[in-house]
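User: I would like a close look at one part of this model, followed by a connected tour of what surrounds that topic. Please take your time with it.

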Amino acid sequence: MATSTALLVRTPGAPFERSTITRRELRAHDIQIDIHFAGICHSDIHQVRQEWGAGIFPMVPGHEIAGVVAAVGSGVTRHRVGDRVGVGCFVDSCRECEPCRAGEQQYCQRGMVVTYNGRDHDGEVTYGGYSQQIVVDENYVVHIPEAIPFETAAPLLCAGITVYSPLRHWQAGPGRRVAVVGLGGLGHMGVKIAHALGAEVTVLSQSLAKEKEGLRLGADHYHATGDPRTFTALRGSFDLILNTVSATLPLDSYLSLLRLDGAMVNVGAPSEPSSLNMFSLITRRATLAGSSIGGIRETQEMLDFCAEHRMGAEVEVIGAGDVDAAYDRVVRSDVRFRFVIDIATLGQA
Ligand code: NAP
Ligand code: ZN
Ligand code: ZN
């Protein structure tokens with residue numbers, strides 16, 4: 001078994017510490033990856049702080065993983081030693097249910113095996129990307145195109161696919177007006193991808209503090225939701241509202257911004273439930289929906305799309321000692337736009 005230095009949290013909300021974890025011996029279809037960069041997703045914070053319910057501790061978060069194949073099992077055909085690869089939010093699934101057979105493993109009816117804070121089919125606890133290495137079945141590993149540097153590719157494995165999938169499913173494109181709510185890790189990729197797909201993009205942010213960056217990323221319009229006039233001015237404006245906010249929002253106010261037959265799709269995953277007045281849906285034949293990351297095939301498609309459009313995430317690269325401070329900044333909405341851990345710093349004193 002290979003040992004790996006990792007950043008782990010021993011109890012809910014405790015600070016990170018460096019420790020050693022073991023990764024399983026390579027099975028026939030396993031790949032061992034030397035991790036170069038790992039993104040910090042708000043979901044890591046929700047789980048480390050137990051905002052979604054009980055977690056498994058000690059916990060090594062990280063499901064935005066970019067690195068290089070270091071070794072392969074005897075039966076591996078999809079990747080070779082030296083390949084640039086990525087791992088996202090899940091590392092296995094049942095492979096037999098209808099969603100799995102359709103390549104939508106994130107909706108596996110028996111539950112996907114999440115990259116960390118979960119259990120593999122053999123009962124072993126999963127540990128994520130804030131570590132030097134990871135071992136993953138080849139079918140759950142994607143190829144990172146040469147055109148995308150590792151540090152800007154890592155956040156695509158969760159933030160990128162989580163917005164790409166609903167933007168494609170709800171047909172963001174020319175002639176469609178798309179609003180992205182929240183300009184954080186997911187939101188900034190939502191703006192970039194919706195713009196690249198040809199949609200007219202509006203950012204709805206709490207304030208105008210990030211307006212200049214939002215417009216640079218490809219937004220056509222930018223409005224502050226902290227200003228109540230925004231909701232009057234934009235009433236009936238959007239075909240699609242993509243909500244990336246990590247806290248509950250007043251849904252009725254946002255639904256009033258939809259055009260006839262518009263959809264509000266939620267990818268933000270707050271811990272508290274939301275309330276809804278049915279008339280907000282009835283009066284505009286609206287759809288209120290949710291969406292979870294994306295399957296392996298679609299994740300590869302998203303990476304190829306980003307390579308073709310020469311884009312990755314906007315990142316702040318940090319060292320292994322800076323993760324606690326970075327978490328606090330994410331919670332304060334003070335991130336432009338994704339923190340990424342340089343895993344080379346894990347081995348340094
Ligand atoms: P993030 O970087 O913290 O971005 C969230 C943004 O929401 C903030 O930058 C902020 O944007 C806005 N916001 C935060 N608190 C708010 C509040 N109280 N009211 C209004 N707006 C607020 O987080 P992230 O990593 O993008 O993740 C966002 C959410 O998506 C998290 O809940 C995460 O768990 C979830 N998620 C879901 C999936 C999925 O598959 N569905 C995948 C990944 C993540 P402004 O400063 O612009 O207002
Ligand atoms: Zn995530
Ligand atoms: Zn399944």
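In which loop is the place of Pro58? Please start there and then go on to the metal sites, the unusual backbone spots and the empty spaces.

Analyst: Happy to. Please keep in mind throughout that this is a predicted model. Pro58 has its place in the loop between α1 and β4 (65-72). The peptide bond that leads into this proline, from Phe57 to Pro58, is cis, with omega near 0°.

The loop between α1 and β4 also holds His63, and this brings us to a metal site: Cys41 lies in the loop between β3 (30-39) and α1, so the pair ties together parts that are 22 residues apart in sequence. The metal is the zinc ion (ligand 2), coordinated by Cys41 (SG), His63 (NE2) and Cys158 (SG) at 2.0 to 2.2 Å. Along the chain, the donors of the zinc ion (ligand 2) follow the spacing C-x21-H-x94-C. Cys41 counts as buried because its relative accessibility is 2%, and His63 is buried too, with a relative accessible area of 6%.

α1 (42-48) has a part in the largest pocket as well. This pocket has a volume of about 1100 Å³. It is lined by 48 residues, and the closest to its centre are His42, Thr244, Ser246, Gly268 and Ala269. At least two lining residues come from each of α1 (42-48), α5 (185-196), β11 (200-205) and α11 (323-331). α1 gives the most to the lining of the largest pocket, namely four residues. By class, the lining of the largest pocket divides into 23 nonpolar, 21 polar and four charged residues.

α11 leads on to another cis bond. The peptide bond from Arg336 to Phe337 is cis, with omega near -10°, and Phe337 is found in the loop between α11 and β17 (338-342). As background, most peptide bonds are trans, and most residues other than glycine have a negative phi.

That second point applies to a residue in the other zinc region. Arg95 has a phi near 70°, a positive value in a residue other than glycine. Arg95 is found in the loop between β6 and α2, and it counts as partly exposed because its relative accessibility is 38%.

Now for the zinc ion (ligand 3). Its protein donors are Cys94 (SG), Cys97 (SG), Cys100 (SG) and Cys108 (SG), which lie 2.3 to 2.4 Å from the ion. In sequence, these donor residues are spaced C-x2-C-x2-C-x7-C. Cys97, in the loop between β6 (90-92) and α2 (98-101), and Cys108, in the loop between α2 and β7 (113-114), are 11 residues apart and link distant parts of the chain. Both Cys97 and Cys108 are buried. The four donor atoms around the zinc ion (ligand 3) subtend angles of 104 to 119°, which makes the arrangement tetrahedral.

Following the chain past β7, we come to Thr126, whose place is in the loop between β7 and β8 (133-137). Thr126 counts as buried because its relative accessibility is 7%. The side chain of Thr126 reaches the backbone nitrogen of Tyr116 at 3.5 Å.

The enclosed space comes next. Rolling a probe the size of a water molecule over the atoms shows where empty space is left. In this model, the count comes to one cavity of 30 Å³ or more, and the largest cavity has a volume of about 80 Å³. Of the 14 residues that line the largest cavity, Gly88, Cys89, Phe90, Ile296 and Thr299 are the closest to its centre. β5 (84-87) and α10 (296-308) each supply at least two residues of this lining. The lining of the largest cavity has 10 nonpolar and four polar residues, with no charged residues.

α10 also borders the last stop on the tour. Ile293 sits in the loop between β15 (287-290) and α10, and this residue has a positive phi of about 20° although it is not a glycine. Ile293 counts as buried because its relative accessible area is 9%.

To return to your opening request, Pro58 lies in the loop between α1 and β4. His63, in the loop between α1 and β4, is one of the donors of the zinc ion (ligand 2).

Methods: Residues numbered from 1 in each chain as written. Chains lettered and ligands numbered in written order. Heavy atoms only, no water. Donors = N, O, S within 2.8 Å, 3.2 Å for Na, K, Ca; no water. Tetrahedral: all angles 85-135°; square planar, octahedral: opposite > 155°, others 65-115°. Buried < 20%, exposed > 50% of the residue type's maximum accessible area, 1.4 Å probe, protein only. 1 Å grid on protein atoms, 1.4 Å probe; cavity = no way out; pocket = protein on both sides within 12 Å on 5 of 7 lines; lining within 4 Å. Points joined across faces, edges and corners; volume = space filled by probe spheres on them. Nonpolar A, V, L, I, M, F, W, Y, C, P; charged D, E, K, R; others polar. Polar contact = N/O pair within 3.5 Å; in protein donor to acceptor, adjacent residues only side chain to side chain.
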